[in-house]
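Colleague: I would like a close look at one part of this model, namely one helix and the helices it packs against. Please go through the contacts residue by residue.

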Amino acid sequence: IGPGRRVLDDFQPLHHHIQRTLLAQLQVVDIRAAIIGMPFDHERIDLIPHGTAEQRRIGRGLISFSNKTLLRKSLDFVLSDSVRAQDAPLLIASCLMNSNNREVTWQWLQKNWETIHNRYHDDHLIVWIVKALSGFNSKAKAVEVAKFFKAHPVPAAQRAIKQVLEQIHLHAAWQKRDAKDITNFLNGLHK
């Protein structure tokens, strides 16, 4: 990780936008390295201005692990002081929207709900997290989500919860109705 910074130092004449993008990429590498237990270059953490495209890129890099253990560590990092409070819900929602990470993120969300709810219970940002649950596609998952929010009410997201449950039921019905036709179509593409 350290040599990456030295390489960047060698290119000081780079246009500042290119330099910021390179710093952001190095920062993603640093954060991901820290999550897997490698040394982390904390000096770069504040070099990228908050709210920039580079910061959003860092966030997406942070939550893009396919390894479930590393994803959980990334999600824990999202709730740390190293991530701006207003960015955390959007990163959590991004994980929930990723079909490969949805179930792990949902389990993590339930486990960490008290912390999340305490931070965002009356904030519109909690709605982003709730709405991201709409990617589930089974009646069983709709029941699970409904039970969770019945036990953990979120008045600021009541409408979003109803919409999510409706969306999950629609996905389940669509899948039941059209799964066979879609499978036949896709199998026909490989002939």
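Modeller: What follows takes helix α6 and its two packing partners described here, α4 and α9, after a short word on the whole chain.

The model is predicted. Its chain has 10 helices and zero strands, so the pattern along the sequence is simply α-α-α-α-α-α-α-α-α-α. Of the 191 residues, 39% are buried. The chain exposes about 11400 Å², and carbon and sulfur atoms supply 56% of that area. Among contacts with a separation of 6 or more, 66% join residues 24 or more positions apart.

Now to α6, which covers residues 102–111. Take α9 (residues 139–151) as a partner: the axes of α6 and α9 lie 12 Å apart, at an angle of about 20 degrees. Angles under 35 degrees count as roughly parallel, and therefore α6 and α9 are roughly parallel to each other. Their crossing is left-handed. On the α6 side the contact is made by Glu103, Trp106 and Gln110, while α9 brings Lys141, Glu144, Val145 and Phe148. Sorted by class, the contact of α6 with α9 holds three nonpolar, one polar and three charged residues.

The other partner is α4, residues 68–78. Here the axes of α4 and α6 are 10 Å apart and the angle is about 45 degrees. That value makes α4 oblique to α6. The crossing of α4 with α6 is right-handed. From α4 come Lys68, Leu71, Arg72, Leu75 and Asp76, and these meet Val104, Thr105, Gln107 and Trp108 of α6. By class, the contact of α4 with α6 has four nonpolar, two polar and three charged residues.

The spacing of the contact residues can be read against the helical repeat. An α-helix has 3.6 residues a turn, so residues three or four places apart point the same way. With that in mind, compare the two lists for α6: Glu103, Trp106 and Gln110 are in contact with α9, whereas Val104, Thr105, Gln107 and Trp108 are in contact with α4.

Just before α6 in the sequence numbering sits α5, residues 88–97. How much of α5 is covered? Helix α5 is mostly covered, with seven of its 10 residues buried. The buried residues of α5 are Ala88, Pro89, Leu91, Ile92, Ala93, Cys95 and Leu96.

To put the two contacts of α6 together: α9 runs roughly parallel to α6, and α4 is oblique to α6. The crossing with α9 is left-handed, and the crossing with α4 is right-handed.

Notes
Residues are numbered from 1 along each chain as its sequence is written. This is a predicted model: local features need pLDDT of at least 70, side-chain atom pairs count only at pLDDT 80 or more; totals for chains, interfaces and linings use all residues. Side-chain values use heavy atoms; hydrogens and water are left out. Helices (H or I, at least four residues) and strands (E, at least two) are DSSP runs, numbered from the N terminus. Buried means under 20% relative accessible area, exposed over 50%, partly exposed in between (1.4 Å probe, protein chains only). Contact means heavy atoms within 4.5 Å. Accessible areas come from the Shrake-Rupley method with a 1.4 Å probe; for residues, only the protein chains shown count as cover. Axes are lines fitted to C-alpha atoms, for helices over the stretch in contact, and angles run from 0 to 180 degrees between N-to-C directions. Angles under 35 degrees count as roughly parallel, over 145 as roughly antiparallel, 65 to 115 as roughly perpendicular and the rest as oblique. A crossing is left-handed if the near helix is turned anticlockwise from the far one by less than a right angle, and right-handed if clockwise. Ala, Val, Leu, Ile, Met, Phe, Trp, Tyr, Cys and Pro count as nonpolar, Asp, Glu, Lys and Arg as charged, and the others, Gly among them, as polar.
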